[in-house]
Amino acid sequence: MKRILRLTLFLYIAAEIVASAQDAQFSQFYATPMYLAPSFAGTSSKKTRMILNYRNQWPEIPNAYSTYSFSFDHYVSRIKSGFGVLIFKDVSGPGHLSTTNFGGLYSFDFKINDNIHIRPGAHFMYTYRSIDYNKLVFYDQVKYGTPTSAFSGIYENTPDRVGDVDFSVSALSYADQFWLGVTVDHLMGPNQSFFGDDAIVPLKTSVFGGTKVVLKERLLVKQQEDVSFAFLYKRQAAYRQLDLGAYYFKNPLLFGIWYRGIPLLKHNFPGSDALVFLLGYKIENVSIGYSYDFTVSKLRNKTGGTHEIALIWSFKLHKFKSKPSALPCPEF
């Protein structure tokens, strides 16, 4: 019986590790800019920024996925550098299996000519995983109707939290109407095993970019109406994902639509995954965005889609003579 119960726990955690081999994601990935790339640290046009994000994925499935993010960043003009802090947490499963990251980011902005900027960035973090064994229901509890499991004496010596360090780098190129960037995550290969063996988080590569087309512009008030086209391609272990979409902004409203999936390459890929619809509202210092992922895969009648909310507050800590260079990419 002890061997069976130990195997039950092992298979549960192993399944969770495999299922989360892909990092948690946000549909509004430009509303979580520093999670996308550390190069975005310090890119607010008002120099200082705070961002809150919440994602509720597949609410029709009990104990599915909830993801939270908080970030703060600031640009120092004198040294052309951006600094940031990012705290991230993802929770899934009946055992409240969670991944938490917190760390610091740095970016440096320089020009290669009058129009094009290059912005390398780095992110150093501490990451840990935790699980609540008391939330799990085991085989003997179901079969015999006992309130506690015979496994309770076995997992007392099994750690419920493991931690490691991690490191990411990125590079971003941008001008007035385009941007292109790349990020490489998990360069230090953090180990997330609860059993002392190897459960290394695989390397992840992200390539993103887009262009902005200004439709209407007024004197002294720029970019009153524009359309942006953007993409995000991610690769991690055997998995691939592509997001393609467009934003339409007419002050103060923003509308977006996205397609997620790689329909022509279905081996180990999600195929057609979701359509994402976005509504945003932007005033001078505050942006609020809501998006809904409409599942178009075979899971469409079982998940309840995905809800996501972003709140962005940009402000000035003090007056400055010249504004930082503004990126053309949208905030959602």
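**Strand pairing, aromatic pairs and nonpolar cores**

The charged end of Lys282 lies over the ring of Phe249, at 5.9 Å from the ring centre. The model is predicted. Phe249 has a bridge partner in β12, namely Leu254. The strands concerned are β11 (residues 239-250) and β12 (residues 253-261), which run antiparallel and are joined by eight bridges. Two residues lie between β11 and β12 in a hairpin.

Lys282 belongs to strand β13, which spans residues 272-282. β13 pairs with β14 in the antiparallel sense, over nine bridges. A hairpin of three residues joins β13 to β14. Within this pairing, Leu275 has Phe294 of β14 as its bridge partner. β14 also pairs with strand β15 (residues 306-315), again in the antiparallel sense, here over eight bridges. In that pairing, Ser287 stands opposite Ile312 of β15.

In a regular strand, side chains alternate between the two faces of the sheet. Strand β14 (residues 286-295) shows such an alternation. Ser287, Gly289, Ser291, Asp293 and Thr295 point to one face and are buried. Val286, Ile288, Tyr290, Tyr292 and Phe294 point to the other face and are not buried. Ser287, the residue opposite Ile312, is thus on the buried face. Phe294, the partner of Leu275, is on the other face.

Aromatic pairs come next. The count comes to 16 aromatic pairs. In one of them, the ring centres of Trp58 and Tyr65 are 5.8 Å apart and the planes stand at 75 degrees, so the pair is edge-to-face. Trp58 is partly exposed, at 23% relative accessibility. Tyr65 is also partly exposed, at 25%. Trp313 and Phe315 form a tilted pair, with 4.4 Å from centre to centre and 35 degrees between the planes. Trp313 is partly exposed at 41% relative accessibility, whereas Phe315 is buried at 15%. Because the cut-off for a buried residue is under 20%, Phe315 at 15% counts as buried. Ring pairs also link Phe29, Tyr30, Phe40, Trp179, Phe208, Tyr247 and Trp258 into a cluster.

Several residues of this cluster recur in the largest nonpolar core, which has 24 residues. The residues with the most contacts inside this core are Tyr30, Leu36, Phe40, Leu172, Trp179, Phe208 and Tyr247. The elements that give two or more residues to the core are β7 (161-174), β10 (221-236), β11, β12, β13 and β15. A second, separate core has eight residues, among them Phe26, Tyr35, Ala41 and Leu86.

Leu172 has contacts with residues beyond its neighbours within four places in sequence. These are Ser39, Phe40, His117, Ile118, Arg119, Trp179, Leu180, Gly181, Phe208 and Leu327. Phe40, Trp179 and Phe208 are also among the residues with the most contacts inside the largest core.

Gly209 lies in strand β9 (residues 204-218). Gly209 is buried, with a relative accessible area of 0%. The C-alpha atoms of Gly209 and Leu172 are 9.0 Å apart, although 37 residues separate the two along the chain. Apart from residues up to four places away in sequence, Gly209 touches Tyr30, Trp179, Leu180, Phe229, Ala230 and Phe231. Tyr30 and Trp179 belong to the aromatic cluster as well. Trp179 and Leu180 are also in contact with Leu172.

Methods:
Residues numbered from 1 in each chain as written. Predicted model: local features only at pLDDT ≥ 70, side-chain atom pairs only at ≥ 80, totals over all residues. Heavy atoms only, no water. Buried < 20%, exposed > 50% of the residue type's maximum accessible area, 1.4 Å probe, protein only. Helix = DSSP H or I, 4+ residues; strand = E, 2+ residues; numbered from the N terminus. Pairing = 2+ DSSP bridges. Contact = heavy atoms within 4.5 Å. Phe/Tyr/Trp six-rings, centres within 6.5 Å; stacked < 30°, edge-to-face > 60°. Lys NZ or Arg CZ within 6 Å of the ring centre and 35° of its normal. Core = buried A, V, L, I, M, F, W, Y, C linked by side-chain atoms within 4.5 Å.
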